[in-house]
Each structure stands twice: as structure tokens, then as C-alpha cells.
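Please look over the sequence and the model below before reading on. The paragraphs that follow go from single residues to the fold and then to the interior.

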Amino acid sequence: RVHDLTITREGVGCVTFHGLTDCRQLIDCLVEAVVLNAGEVVVYPNQKEKPAVGQGLNKPASIKLYGCHPKIQNFRDEKAREKYKNRVRLMTEEKGAEFVDYDCDRGIWMFRVSHF
């Protein structure tokens, strides 16, 4: 059992599954179960393999994604930064996640989910 299991894809991001995770059943399927791509994390892409909430990796997690810059990367001023940050917040909440932070300069988006 691993406490706060973290899976990272360098340059893309990481997902930390909170609490203890029994990895014995996950060893053979971890690569397929967690997909980290630019701007997204997908846990259990095959919905048929997704366990009940609270089981396996279908539990609370924190996600940090890198390189999440807007198409137009120059923010004119602090007001423009805050407007974009709020847009990211709303998008996060629309997906049913909890917004943690967005760094406009580094393009780092952080949020939490209660399950996948």
C-alpha cells in the first residue's frame, strides 16, 4: 500500500491519489489506467474497468498540469490575467472539479477531484 501515490509524466503533469492505495491489483494495468496528456488527465479511459467510487484509483486526487497556456500567451495587464484565471476556474468547476490555482506565467493548472 502506497500513501499519496503520485504518477508523473515529465513535462506534462502529475496526479496524486490521496490516502492509501493498494497497488497490488494495479501493477499490470497502471499504464492503461492513468493517461496524462497535454492539458488533460484521464483515469480509467475504459469505463468498463473503472471500479466503484473509493476503490482502486477512483478516489480523491490532486492534479497538476503543465503547459496549459492560452492560445494568445501575452497578458496585457493584471486584469487580463485575472480574467483568464477566472475562465480556467469556471471551466474546472464545469467539469465537476475543484479549482486550486492557475499560474498564468508558467501555464500550471492545479485542481482536485473527489473521484474519477
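In this predicted model, Asp4 counts as partly exposed, because its relative accessibility of 30% falls between the 20% limit for buried residues and the 50% limit for exposed ones. Asp4 is found in strand 1, and its backbone deserves a second look, since the residue has a positive phi of about 50° although it is not a glycine. Tyr44 also has a positive phi without being a glycine, here of about 60°, but its setting is another one: Tyr44 lies in the loop between strand 4 and strand 5, and at 5% relative accessibility it counts as buried.

With these two residues placed, the fold can be followed along the chain. The chain has 2 helices and 7 strands, and, read along the sequence, these elements follow the pattern β-β-α-β-β-β-α-β-β. Taken along the principal axes, the C-alpha atoms fill a box of roughly 50 × 25 × 25 Å. Of the 116 residues, 35% count as buried, while the chain exposes about 7700 Å², of which carbon and sulfur atoms supply 49%. Among the contacts with a separation of 6 or more, 53% come from residues 24 or more positions apart.

Two hairpins can be picked out in this pattern. Strand 1 and strand 2, the pair that includes the strand of Asp4, run antiparallel to each other over 7 bridges, and one of these links Arg9 to its bridge partner Gly13 in strand 2. The hairpin has 3 residues between the strands, and in it Gly11 takes a positive phi near 80°. Strand 6 and strand 7 likewise pair in the antiparallel sense, over 5 bridges, and they form a hairpin with 4 residues between them, where Gly107 in the turn has a positive phi of about 70°. Within this second hairpin, Phe99 has Phe111 of strand 7 as its bridge partner.

Which residues have the most contacts inside the largest nonpolar core? That core has 30 residues, and the ones with the most contacts inside it are Val15, Phe17, Leu57 and Ile63. Several elements give two or more residues to this core, including strand 1 (2-9), strand 2 (13-21), strand 5 (61-65), helix 2 (78-94), strand 6 (98-103) and strand 7 (108-113). In soluble globular proteins, nonpolar side chains tend to be buried together. Leu57 shows how such a residue is surrounded in this model: leaving aside neighbours within four places in sequence, Leu57 is in contact with Leu5, Phe17, Thr21, Leu26, Leu30, Ala33, Val34, Val43, Tyr44 and Phe116. The list brings back Tyr44, the buried loop residue described above, and it also names Phe17 and Phe116, which are taken up next.

A search of the whole structure finds 3 aromatic pairs. One of them is formed by Phe17 and Phe116, whose rings are tilted, with 6.0 Å from centre to centre and 55° between the planes. This pair links distant parts of the chain, for Phe17 belongs to strand 2 and Phe116 to the segment after strand 7, 99 residues apart, and both Phe17 and Phe116 are buried. Trp109 and Phe111 have ring centres 4.6 Å apart and planes at 40°, so this pair is tilted. Trp109 has a relative accessible area of 7% and is therefore buried, and Phe111, the bridge partner of Phe99, counts as buried at 9% relative accessibility.

The last stop is a polar residue, Asn58, which is found in the loop between strand 4 and strand 5, the loop that also holds Tyr44. Is Asn58 buried or exposed? At 2% relative accessibility, Asn58 counts as buried, because the value is under the 20% limit. A polar atom of the Asn58 side chain lies 2.7 Å from the backbone nitrogen of Phe116, so that this distance meets the 3.5 Å limit for a polar contact. Leaving aside neighbours within four places in sequence, Asn58 is in contact with Tyr44, Lys50, Pro51, Ala52, Val53, His115 and Phe116. Tyr44 and Phe116 thus appear around Asn58 and also around Leu57.

Note on methods
Residues are numbered from 1 along each chain as its sequence is written. Side-chain values use heavy atoms; hydrogens and water are left out. A nonpolar core is a set of buried Ala, Val, Leu, Ile, Met, Phe, Trp, Tyr and Cys residues joined through side-chain atoms within 4.5 Å. Buried means under 20% relative accessible area, exposed over 50%, partly exposed in between (1.4 Å probe, protein chains only). Contact means heavy atoms within 4.5 Å. A polar contact is a pair of N or O atoms within 3.5 Å; within protein, one must be able to donate a hydrogen and the other to accept it, and residues adjacent in sequence count only if both atoms are side-chain atoms. Rings of Phe, Tyr and Trp (its six-membered ring) pair if their centres lie within 6.5 Å; planes under 30 degrees apart count as stacked, over 60 as edge-to-face and the rest as tilted. Accessible areas come from the Shrake-Rupley method with a 1.4 Å probe; for residues, only the protein chains shown count as cover. Two strands pair if DSSP finds at least two bridges between them.
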